[in-house]
Amino acid sequence: MHIGCPKEIKPQEFRVGLTPNAAREAIAHGHKVTVETQGGVGAGFSDEDYIEAGAAIAGTAAEIFAAADMIVKVKEPQAVERKMLREGQLLFTYLHLAPDPEQTKDLLASGCTAIAYETVTDAQGGLPLLAPMSEVAGRLAPQVGSWTLQKANGGRGVLMGGVPGVGPAKVVVIGGGVVGTHAARVAAGMGADVTVFDRSLSRMRYLDDVFSRDFKTMYASAGNTIEMVREADMVIGAVLIPGAAAPKLISRAQLSEMKQGAVIVDVAIDQGGCFETSKATTHQDPIYDVDGIMHYCVANMPGAVARTSTIALGNATMPFMLALADKGWRQACEDDAHLLNGLNVHAGQLTYFAVGKALGMDV
Ligand code: NAD
C-alpha cells in the first residue's frame, strides 16, 4: 500500500501523523511511504530523517493526496485537504465529526473511507488513541500551572514543593481519569500537596490502592469540592462525561472565594471547560485573569510539546496503521472490532451512530 503523510496545516499544529520510525516499520512491511517536505519539522524530524528511514519526500500535499492509498494525519482534514480526498482512499486521523457538519458533508461527498482515532476502542473500554494525548495534557498541567503560579506571571508566588520550613502548594485535581491521574502524579512529584476529586468510587479505590503515598482522593460532591478549592493554590479541571459538554463545577461567584493569584488549569476546556469562567485560549496567549484568579485554558495542550506528543501518538497509532496497510481496511476491521469502532465514514455513508445522532443524519 502507498501511505501518504501530508504536513499539518491547521494553525498551531506542529505534530505529524507518521514518525520516521513508523515510516521505517511500514516500509519493512513492504509498503511505500511518502511524507510532505518539512512535514515533521515541527516535531523535530527532518526530511533526511524520513529519507534515512526509506520514505520518499513530496514537494506538495497535492502530490500525496493524488498518489497515496492511505492518508495518515493528526488533525481533521481542513477544507482544502478535503477537496483532495478521493473515492476509495483511506483516511486515518483525528476527525471529531460530531460538532463539525461541514467536515462530515465533505468527507461523505469525497467517497473516502475515514477511520477516526478518537473512536477506536480497546478491550478495557478505553480510547487507546486519545489516551496518549490525555497523558501528555495531564503531565503538562502542573508544569504550566506552576509557571503561572509565579508572581511575575500573575500567580500567588507559591513554589510547588515549598522549602524546608515552608509548606508546599495545595493542588486540587477535579476528575481522576487519565488526565487527572497524570496531573496528580506530576504535581505530587514536584512536592505539592495534592487531592484528586472524582465521582467514581471504583476509580477512587484504584487511585487509593496505587497512589495513596502520592496524593489523597475525595468524593466530588459540590460541598467537598468548593471547600478544597477555597484553600487551593492550583485547581486542575480534568473531568469528562463521555459524549457531553463538561459540567460547570465552579461558578463565577465561587471564584471570589478562592485565594487571590490562585491558578486554574482547565484541561477539560476542549469539552467546554468545567469552570464557568473558562474560555479557550491558545499557546500564543494562554493565560487570562478573572477576578484575580489566573486561568490557563489552552484547548490543544499537547501541541506545546509536539515532539513528545507526536512520538506518543505514533506509538499508539502504529499497530493500527500497520494492520490497515497490511490487510486493507475491510479485513483489518473485520479482524478487530475495536478498529472497526473507528470507522466513521465509508463510500458516502456515515457509519458511526453517535455522530449521526449528533448531526441528525442517517447512519
Ligand atoms: P477520563 O474519562 O479518563 O477521566 C474523566 C474523569 O472525570 C473520570 O474518572 C470521571 O469519573 C470523572 N468525572 C466525571 N464527572 C465528574 C464530576 N462531576 N466530578 C469529578 N469527576 C468527574 O478522561 P480524560 O482522558 O482524563 O480527559 C479529561 C478531559 O481532558 C476531557 O475533557 C478531555 O477532552 C480533556 N483533554 C484536553 C486536552 C487539552 O489539550 N486541553 C488534552 C487531552 C484531554
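## The β14–β15 hairpin

In this predicted model, V345 of β14 has L350 in β15 as its bridge partner. The two strands pair in the antiparallel sense, with two bridges between them. What links β14 to β15? They make a hairpin with two residues in between, and A347 in that turn has a positive phi of about 45 degrees.

On to the pairing of β14 with β6. Strand β6 (residues 113-116) pairs with strand β14 (residues 343-346), again in the antiparallel sense, this time over three bridges. Here A114 stands opposite V345, and I115 has L343 of β14 as its bridge partner. So V345 turns up twice: it is opposite A114 of β6, and it is bridged to L350 of β15.

## The eight-stranded sheet

Zooming out, these strands belong to an open sheet of eight, with mixed pairing, running in the order β3-β2-β1-β4-β5-β6-β14-β15. Which strands sit at the edges? β3 (56-58) and β15 (349-350) do, each pairing on one side only.

Helix α11 lies across part of this sheet, over β1 (2-5), β4 (70-72), β5 (90-93) and β6, and runs at about 175 degrees to β5.

## Helix α11 and its two partners

Helix α11 (residues 306-327) packs with helix α1 (residues 20-28) at an angle of about 25 degrees, the axes being 10 Å apart. Angles under 35 degrees count as roughly parallel, so α1 is roughly parallel to α11. The crossing is right-handed. On the α1 side, N21, A22, E25 and A26 make the contact, meeting M318, M321 and L322 of α11. By type, the residues of this contact come out as five nonpolar, one polar and one charged.

How do α6 and α11 cross? The axes of helix α6 (residues 131-148) and α11 come within 9 Å, and the angle is roughly 155 degrees. With the cut-off for roughly antiparallel set at over 145, these two helices are therefore roughly antiparallel to each other. This crossing is right-handed too. P132, M133 and V136 of α6 are in contact with S309, A312, L313 and A316 of α11. That set divides into six nonpolar residues, one polar and no charged.

## Two domains

The protein is divided into domain 1 (2-120 + 306-359) and domain 2 (131-299). Their centres, taken over C-alpha atoms, are 33 Å apart. How many residues are in contact between them? Seven residues of domain 1 touch five residues of domain 2.

## The seven-stranded sheet

There is also an open sheet of seven strands, in the order β9-β8-β7-β10-β11-β13-β12, and its pairing is mixed. Its edge strands are β9 (216-219) and β12 (287-290), each of which pairs on one side only. From one strand to the next, the twist averages 20 degrees.

Within this sheet, strand β11 (residues 263-266) and strand β13 (residues 293-296) run parallel and are joined by three bridges. One of the pairs is V263 with M294, its bridge partner in β13. Helix α8 (residues 201-211) packs on the sheet, where it touches β8 (193-198) and β9; the direction of α8 makes about 165 degrees with that of β9.

Key:
Residues are numbered from 1 along each chain as its sequence is written. This is a predicted model: local features need pLDDT of at least 70, side-chain atom pairs count only at pLDDT 80 or more; totals for chains, interfaces and linings use all residues. Side-chain values use heavy atoms; hydrogens and water are left out. Axes are lines fitted to C-alpha atoms, for helices over the stretch in contact, and angles run from 0 to 180 degrees between N-to-C directions. Helices (H or I, at least four residues) and strands (E, at least two) are DSSP runs, numbered from the N terminus. Angles under 35 degrees count as roughly parallel, over 145 as roughly antiparallel, 65 to 115 as roughly perpendicular and the rest as oblique. A crossing is left-handed if the near helix is turned anticlockwise from the far one by less than a right angle, and right-handed if clockwise. Contact means heavy atoms within 4.5 Å. Ala, Val, Leu, Ile, Met, Phe, Trp, Tyr, Cys and Pro count as nonpolar, Asp, Glu, Lys and Arg as charged, and the others, Gly among them, as polar. Two strands pair if DSSP finds at least two bridges between them. Domain bounds come from an automatic or database domain assignment.
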